[in-house]
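Here are some short exercises to work through with the model open beside you. Try each task before you read the solution.

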Amino acid sequence: DVRLSTHSTISNSIIGSNTSIGSHFITEEKEKIMIEVEGGLYLADKLGTIIGDDTEIGSNVLIKAGMMVSPNCRVNSGKDISESLPINSIVI
C-alpha cells in the first residue's frame, strides 16, 4: 500500500505501509553503515533508508543513507533529510 510517483530512485530501503512519496525522490545508500533501531545499534551491509508507516513525503526530497523516518511523518517538497526523524515529525 505504497504510492510512489515518477522519476524516483530508491534502493536497499524499507518503506512502510500507507506511505505516499512524490516525484524525484532519492534515497542515498552506503555500505557497512550503522543504524540505530529502538535503542540498539546494528550494522547493515548496504542500506538506503527506513520509512515508517503512514508517512507522506513530497517531491524532490533526498534522504541520506542510514536515516530512519519514523511512522506518521510529513516531509514537504524540496527537503534534504540528513537526520533521523522521530514519530509524528513535520519537516516544512
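**Exercise 1. Find out whether Lys32 is buried or exposed, and what is unusual about its backbone.**

Solution. This is a predicted model, so everything here is read from a prediction. Start with the cut-off: a residue counts as exposed over 50% relative accessible area. Lys32 is exposed because its relative accessibility is 58%. Next, place it in the chain: Lys32 belongs to strand β5. Now for the backbone: Lys32 has a positive phi of about 50° although it is not a glycine. That catches the eye because most residues other than glycine have a negative phi.

Asn12 can be handled in the same way. Asn12 also has a positive phi of about 50° and is not a glycine. You'll find Asn12 in the loop between β1 (2-4) and β2. With 40% relative accessibility, Asn12 counts as partly exposed.

**Exercise 2. Work out how β5 and β6 pair, and which salt bridges link them.**

Solution. Begin with the pairing: β5 and β6 run antiparallel and share seven bridges. Pick one pair to look at: Val37 has Gly40 in β6 as its bridge partner. Then check the turn. The hairpin of β5 and β6 has two residues between the strands, and Glu38 takes a positive phi near 50° there.

Now add the side chains. Side chains of opposite charge can pair when their charged atoms come close. Asp45 and Lys32 form a salt bridge, with the closest N and O atoms 3.3 Å apart. Asp45 sits in strand β6 and Lys32 in strand β5, 13 residues apart. Asp45 is exposed, at 56% relative accessible area.

A further salt bridge joins Glu31 to Lys46, whose closest N and O atoms are 3.8 Å apart. Glu31 is in strand β5 and Lys46 in strand β6, so this pair ties together parts that are 15 residues apart in sequence. Glu31 is exposed at 55%, while Lys46, at 40% relative accessibility, is partly exposed.

**Exercise 3. Say how many salt bridges a search of the whole structure finds, then locate the one between Glu28 and Lys64.**

Solution. The count first: the search finds five salt bridges. In one of them, the side chains of Glu28 and Lys64 meet at 3.6 Å, N to O. To locate the pair, look for Glu28 in the loop between β4 (26-27) and β5 (30-37), and for Lys64 in the loop between β9 (62-63) and β10; they are 36 residues apart. Last, check the exposure. Glu28 is partly exposed at 29%, and Lys64 is partly exposed at 30%.

**Exercise 4. Work out the strand order in the open sheet of three strands, and name its edges.**

Solution. The order is β2-β7-β10, and the pairing is parallel. For the edges, look for strands that pair on one side only: these are β2 (14-15) and β10 (68-69). Zoom in on β7 and β10, which pair over two bridges in the parallel sense. Across this pairing, Ile50 stands opposite Met68 in β10.

**Exercise 5. Which residues have the most contacts inside the largest nonpolar core?**

Solution. The largest nonpolar core has 13 residues, and Ile57 and Ile63 have the most contacts inside it. Follow Ile63 outward: leaving aside residues up to four places away in sequence, its contacts include Phe25, Ile26, Ile51, Ile57, Val69 and Ile81. Apart from this core lies another, of seven residues, among them Ile33, Leu47, Ile50 and Met68.

**Exercise 6. Compare Thr55 with Leu41: which is buried and which is exposed?**

Solution. Take Thr55 first. Thr55 lies in the loop between β7 (50-51) and β8 (56-57). Thr55 counts as buried because its relative accessibility is 0%, under the 20% cut-off. To see what surrounds Thr55, look past residues up to four places away in sequence: its contacts include Asn18, Ser20, Val69, Pro71, Cys73 and Arg74.

Then turn to Leu41, which lies in strand β6 (residues 40-47). Leu41 counts as exposed because its relative accessibility is 58%. Finally, look at its partners on the surface: Met34, Leu41 and Leu43 make a nonpolar patch of about 320 Å².

Notes: Residues numbered from 1 in each chain as written. Predicted model: local features only at pLDDT ≥ 70, side-chain atom pairs only at ≥ 80, totals over all residues. Heavy atoms only, no water. Core = buried A, V, L, I, M, F, W, Y, C linked by side-chain atoms within 4.5 Å. Buried < 20%, exposed > 50% of the residue type's maximum accessible area, 1.4 Å probe, protein only. Contact = heavy atoms within 4.5 Å. Patch = residues over 30% accessible without salt bridge, like charges linked within 9 Å, V, L, I, M, F, W, Y side chains within 5 Å. Areas by Shrake-Rupley, 256 points an atom, 1.4 Å probe, with all protein chains shown as cover. Salt bridge = Lys/Arg side-chain N within 4 Å of Asp/Glu carboxyl O. Helix = DSSP H or I, 4+ residues; strand = E, 2+ residues; numbered from the N terminus. Pairing = 2+ DSSP bridges.
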